Amino acid sequence: MAEYRLSLVRDLARQLHLSPRAQRELQISRLRHLIEDVRPDGTYPEAFVVYRLTSYRPDKSRKSCPGRELKADLIRLLDELSGTLDLPVPDDDEVLTLDQIRDIYDISQGTLASWREEGLITLRYVFADGVQRSAARKSHVDAFVASLDQGPMFRIRVPNEQQAELIIAEARKLQDAEPMSRPEAVRRLSSKLEFPPRLVRHALRKHELEHADEPLFQPSGVPLDEAKRRKLLAAHHDGSGESDMSEQLGLSRRVVGEYLKTLRAEELLRTDIEYRYDPLFDGPDADEQIIDDPALGEDSYRAKETDERVPAYFADLSHRPLLKKDEETALFRKYNYIKYKFARLRQSLKPSQGDDPELLAQLEELADEANRCRARLAEANLRLVVKLARQHAGDLVQIEDLISEGNLTLLRAVDKFDFTRGTRFSTYVTWCVVKRFARVVPEENYQIDTYVTGADEVLKIQPDGITAKLEQKENRAYIRAQLDKVMDQLTDREQEILRRRFGLGGPPETLKDIGKRLGISRERVRQLETRALRKASSLIEI
């Protein structure tokens, strides 16, 4: 639901959304008439507003609504309520989307937002591609702009000849020094010349129309360099809107949207997916039997207060529930079934077809659900990793180091485990983690005779001191090479921790040394390292 300034409109919005369709259609008509009658400088009793929209006369109230806030909220409510009706695009008038309004009338995103608050009415229509967008009739927009020209607030300013020449000259200098897009040039020229952005855009747009054979700016089809591609995708995953990304990259929202759809498609195609097949996956009731399996239960983890003397990581583990055998099998079956569905659906996706928002959304939803299953399976076995780390820790290798190694191995084991064999996952992950420790822990720290895997395999580890040290060096070098490939996907602090931890650009450092350098505890460094490795785990081969 949209954010409203007035509590009255917010309460009305909740009630109107629950009305029958015919009632909502009537309320939309009433909203339009009320918006036309509300003056920004007026004050309106709440009872008057309620009656105009619902024909209900509430008890007399002394509360009033300021006209400017009321008008803006009613326009927002009208747009939102129209989205519940799946309105078709009208045939009797041209309809302009918000992007088209900005382009045709040469205004910024902020100016368009101000126009909508001042009285430009938009409704949500379903367009030919099946996507619902906010739009306005062109005749209404023209009438609204004409009314604004009668006052100084929103009059579209036109640069004089001298200003236009100065803007074009400075734009040429910018392009000669550093080629850039038009939005970025507008931002810089507006700041340098102290002209309103609208005035700068008008001068540039006019020059482009008059000199189409001498474009000032790079066309929107120019590919983004790799750094900007990573930045755009990272901003998308962080939840940034297209407007914010447009401002950061100096591109229009439309271009950002086009690039983003292609990048999302490419990322989904790059995703390494492997699954263990089960005949149930192709059954007629697969979703009901697997995704809604009663054996799955719910994740019952809840954070609880713990003894402050116990390190936070270990205290948290004691509250994470373990999985029963039938629950574990059901969860692994669901995890692999979701990946199976992802792989099947992805076959219809191509980088050039990233304009299918529904397909992209379905694939991303499946990927998110698979990650949630993976996390739950891993978290249920973190205590096992700590137990194994305690058994193999010694003077030369600290337990925190082994936990980090073990957690990364645990995540890979979740992906590799074959749940169809009927073996408990704890048996398999024990073998994987111990095998991993055998490569990183010197012989002097432990003696291992045999370990039995889920397939009754026997691992015998009796390396001499020289071999163990060589394996350890090879392992560190391998990890460094893998981390170099994914480092740009991490935050600055995560990058620094992994670089120092694995000796990227210098000698490796301990958790304690890194903690002192960053002013945080060793435990916090370990947590950040684990989080960073989890992010990178899908791109690193163990």
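**Figure 1. Arg133 and the ring of Phe127.** The charged end of Arg133 is placed over the aromatic ring of Phe127, at 5.4 Å from the ring centre. The coordinates shown here and in the following figures belong to a predicted model. Arg133 falls within strand β6, which covers residues 132-137.

**Figure 2. Strands β4, β5 and β6.** Strand β6 pairs with strand β4 (residues 95-97) in an antiparallel arrangement held by 3 bridges. Within this pairing, Val95 stands opposite Arg137 of β6. Strand β6 also pairs with strand β5 (residues 123-126), again in the antiparallel sense, over 4 bridges. Here Leu123 has Ala135 of β6 as its bridge partner. Strands β5 and β6 form a hairpin in which 5 residues lie between the two strands. The turn of this hairpin contains Gly130, whose phi is positive at about 85°.

**Figure 3. The aromatic pair Tyr44 and Phe48.** A pair of aromatic rings is described by the distance between the centres and the angle between the planes. The structure holds 12 aromatic pairs. In the pair of Tyr44 and Phe48, the ring centres are 6.0 Å apart and the planes meet at 25°; since planes under 30 degrees apart count as stacked, the pair is stacked. The two residues fall into separate accessibility classes: Tyr44 has a relative accessible area of 14% and is therefore buried, whereas Phe48, at 31%, counts as partly exposed.

**Figure 4. The aromatic pair Phe417 and Phe425.** The rings of Phe417 and Phe425 form an edge-to-face pair, with 5.2 Å from centre to centre and 70° between the planes. Both Phe417 and Phe425 are buried.

**Figure 5. An aromatic cluster.** One aromatic cluster is formed by Tyr275, Tyr277, Phe281, Tyr337 and Tyr340.

**Figure 6. Lys71 in helix α4.** Lys71 is located in helix α4, which comprises residues 67-82. Its relative accessibility is 9%, and because the limit for a buried residue is under 20%, Lys71 counts as buried. When neighbours within four places in sequence are left aside, Lys71 is in contact with Ile35, Val38, Pro40, Glu117, Glu118 and Gly119. The contact list thus includes two glutamates, Glu117 and Glu118.

**Figure 7. Leu199 in helix α10.** Leu199 belongs to helix α10, which comprises residues 197-210. With a relative accessible area of 1%, Leu199 is buried. The C-alpha atoms of Leu199 and Val186 are separated by 9.4 Å, and the two residues are 13 positions apart along the chain. Val186 lies in helix α9 (182-193).

**Figure 8. Two non-glycine residues with positive phi.** Asp86 is not a glycine, yet its phi is positive, at about 50°. Asp86 occupies the loop between α4 and β3 (87-88). The relative accessible area of Asp86 is 53%, and because exposed means over 50%, the residue is exposed. Glu194 likewise is not a glycine and has a positive phi, of about 60°. Glu194 is part of the loop between α9 (182-193) and α10. At a relative accessibility of 71%, Glu194 counts as exposed.

**Figure 9. Cysteines Cys373 and Cys432.** A disulfide is a covalent bond between the sulfur atoms of two cysteines. The count of disulfides in this model comes to 0, because no pair of cysteine sulfur atoms lies within 2.5 Å. Cys373 is buried, with a relative accessible area of 3%. Cys432 is buried as well, with a relative accessible area of 13%.

**Figure 10. The protein chain as a setting for the close-up views.** The secondary structure of the protein chain comprises 24 helices and 6 strands. Of the 542 residues in the chain, 43% are buried. Among the contacts with a separation of 6 or more, 68% are made by residues 24 or more positions apart. The accessible surface of the protein chain amounts to about 29,800 Å², and 48% of this surface belongs to carbon and sulfur atoms.

Notes: Residues are numbered from 1 along each chain as its sequence is written. This is a predicted model: local features need pLDDT of at least 70, side-chain atom pairs count only at pLDDT 80 or more; totals for chains, interfaces and linings use all residues. Side-chain values use heavy atoms; hydrogens and water are left out. Two strands pair if DSSP finds at least two bridges between them. Buried means under 20% relative accessible area, exposed over 50%, partly exposed in between (1.4 Å probe, protein chains only). Rings of Phe, Tyr and Trp (its six-membered ring) pair if their centres lie within 6.5 Å; planes under 30 degrees apart count as stacked, over 60 as edge-to-face and the rest as tilted. A charge sits over a ring if NZ of Lys or CZ of Arg is within 6 Å of the ring centre and within 35 degrees of the ring normal. Contact means heavy atoms within 4.5 Å. Accessible areas come from the Shrake-Rupley method with a 1.4 Å probe; for residues, only the protein chains shown count as cover.
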